[in-house]
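Subject: Structure handover

Hello,

Here is the structure I promised to pass on. Please open it beside this email and follow along. My notes come after it.

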Amino acid sequence: MSPPDGPPPAAPRFEHRPVLVDLVVELFAPVPPGVVVDATLGGGGHAEALLDAHPHLAVLGLDQDPDAVAAASDRLARFGDRFTARRTRFDEIARVAADVLAGRGHEGDGISGALFDLGVSSPQLDRPERGFSYRRSGPLDMRMDPSRPVQAGDLVNGAPERELARLLRAYGDERHAPRIARAIVAHRPLTTTGELAEVVRDAVPAPARRRGGHPARRTFQALRIAVNDELGVLPSALDDAVELLAPGGR
């Protein structure tokens, strides 16, 4: 079998500069030696800062986005066995942390800390093919984990009008939810984020378009949260993280 041509492919670019990194480093300074779980690994910015600043800590990074896991694993390879990455959603924190602790010879021990940096990250927004952006047209996807069965297009083109309005109110605090839901249903089928953003913009009253940012931002937020069940999995993940903490953990 002939060897492949050229070097192995590079990890996907997933560069994200966390804005509160200094505060995160400070907050985890007093925790006991052990493992901190970065439950939303992303590009590894928080994990790298923690590993650089605190030699007494190791980091277990969780992320459901395969591009994020690949990029962070490449970025943090220099830390050796102080860094471990797992592709999974953060509601699996208890199971995965137990497995990693057992593998490190600390079965039954708690974790030193857990960090959740919630929401969408800039690399996801910057790639139109992921479907998160209302400014750059792409498919109606919005899945953080591309293997999940439900895409934004399924909701946009399949959900009843009343359900769409409920989602926009519950997850986007969208005051014009009924008007937007009615417009979406009237313009079905929609295939791109650009089409959806245009429909939402036209559905919002003219005075409201001139304030508060892009008229579609709340709609896109609501659909993203619904597609990824972000609020559904958060309470159990936070409870599990608290239960996992060692004495003095944060």
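A helix here is a DSSP run of H or I with at least four residues, and helices are numbered from the N terminus. By that numbering, glutamine 221 is found in helix 11. One caution before going on: this is a predicted model.

**Glutamine 221**

Start with this residue. Its relative accessible area is 35%, so glutamine 221 is partly exposed. Which residues does it touch, once neighbours within four places in sequence are left aside? They are Tyr171 and Gly172. Now look at aspartate 173. Glutamine 221 and aspartate 173 are 48 residues apart in sequence. In space, their C-alpha atoms are 9.6 Å apart.

**Aromatic pairs**

How many aromatic pairs does a search of the whole structure find? The search finds 2.

One pair is phenylalanine 90 with phenylalanine 116. The ring centres are 5.4 Å apart, and the planes make an angle of 80 degrees. Planes over 60 degrees apart count as edge-to-face, so this pair is edge-to-face. It links distant parts of the chain, 26 residues apart. Phenylalanine 90 sits in the loop between strand 3 (83-87) and helix 4 (93-103). Phenylalanine 116 sits in the loop between strand 4 (113-115) and helix 5 (122-126). Are these two residues buried or exposed? Phenylalanine 90 is buried, and phenylalanine 116 is buried too.

Tyrosine 134 and phenylalanine 220 also form an edge-to-face pair. Here the centres are 5.6 Å apart, with 80 degrees between the planes. This pair links parts of the chain that are 86 residues apart. Tyrosine 134 is in the loop between helix 5 and helix 6 (152-158). Phenylalanine 220 is in helix 11 (residues 217-228). Why is tyrosine 134 called partly exposed? Because its relative accessibility is 22%, and buried means under 20%. Phenylalanine 220 has a relative accessible area of 4%, so phenylalanine 220 is buried.

**Salt bridges**

The count comes to 16 salt bridges. Three are worth finding on screen.

Glutamate 48 pairs with arginine 75. Their closest N and O atoms are 2.7 Å apart. Glutamate 48 is in helix 2 (residues 45-53), and arginine 75 is in helix 3 (residues 66-75). The two residues are 27 apart along the chain. Glutamate 48 counts as buried because its relative accessibility is 17%. Arginine 75, with a relative accessible area of 32%, is partly exposed.

Arginine 127 meets aspartate 67 at 2.4 Å, N to O. Arginine 127 lies in the loop between helix 5 and helix 6, and aspartate 67 lies in helix 3, so this salt bridge ties together parts 60 residues apart in sequence. Arginine 127 is partly exposed at 25%. Aspartate 67 counts as buried at 17%. Both residues also belong to a network of salt bridges, which links Asp65, Asp67, Arg127, Glu129 and Arg130.

Arginine 182 forms a salt bridge with glutamate 161. The closest N and O atoms are 3.8 Å apart. Arginine 182 lies in helix 8 (residues 177-186) and glutamate 161 in helix 7 (residues 161-172), so the pair ties together parts 21 residues apart in sequence. Arginine 182 counts as partly exposed at 46%. Glutamate 161 is partly exposed at 34%.

**Helix 8 and helix 9**

Stay with helix 8. How do its axis and that of helix 9 (residues 193-203) meet? The axes come within 9 Å and cross at roughly 130 degrees. That angle makes helix 8 oblique to helix 9. The crossing is right-handed. On the helix 8 side, the contact is made by Arg179, Ile180, Ala183 and Ile184. On the helix 9 side, it is made by Leu196, Val199, Val200 and Ala203.

**Proline 149**

Finish with proline 149, in the loop between helix 5 and helix 6. Is proline 149 buried or exposed? Its relative accessibility is 72%, so proline 149 counts as exposed. Compare its position with that of glycine 213. The two are 64 residues apart along the chain. Their C-alpha atoms are separated by 31 Å.

Best wishes

How values were computed
Residues are numbered from 1 along each chain as its sequence is written. This is a predicted model: local features need pLDDT of at least 70, side-chain atom pairs count only at pLDDT 80 or more; totals for chains, interfaces and linings use all residues. Side-chain values use heavy atoms; hydrogens and water are left out. Rings of Phe, Tyr and Trp (its six-membered ring) pair if their centres lie within 6.5 Å; planes under 30 degrees apart count as stacked, over 60 as edge-to-face and the rest as tilted. Buried means under 20% relative accessible area, exposed over 50%, partly exposed in between (1.4 Å probe, protein chains only). A salt bridge is a side-chain nitrogen of Lys or Arg within 4 Å of a carboxyl oxygen of Asp or Glu. Axes are lines fitted to C-alpha atoms, for helices over the stretch in contact, and angles run from 0 to 180 degrees between N-to-C directions. Angles under 35 degrees count as roughly parallel, over 145 as roughly antiparallel, 65 to 115 as roughly perpendicular and the rest as oblique. A crossing is left-handed if the near helix is turned anticlockwise from the far one by less than a right angle, and right-handed if clockwise. Contact means heavy atoms within 4.5 Å.
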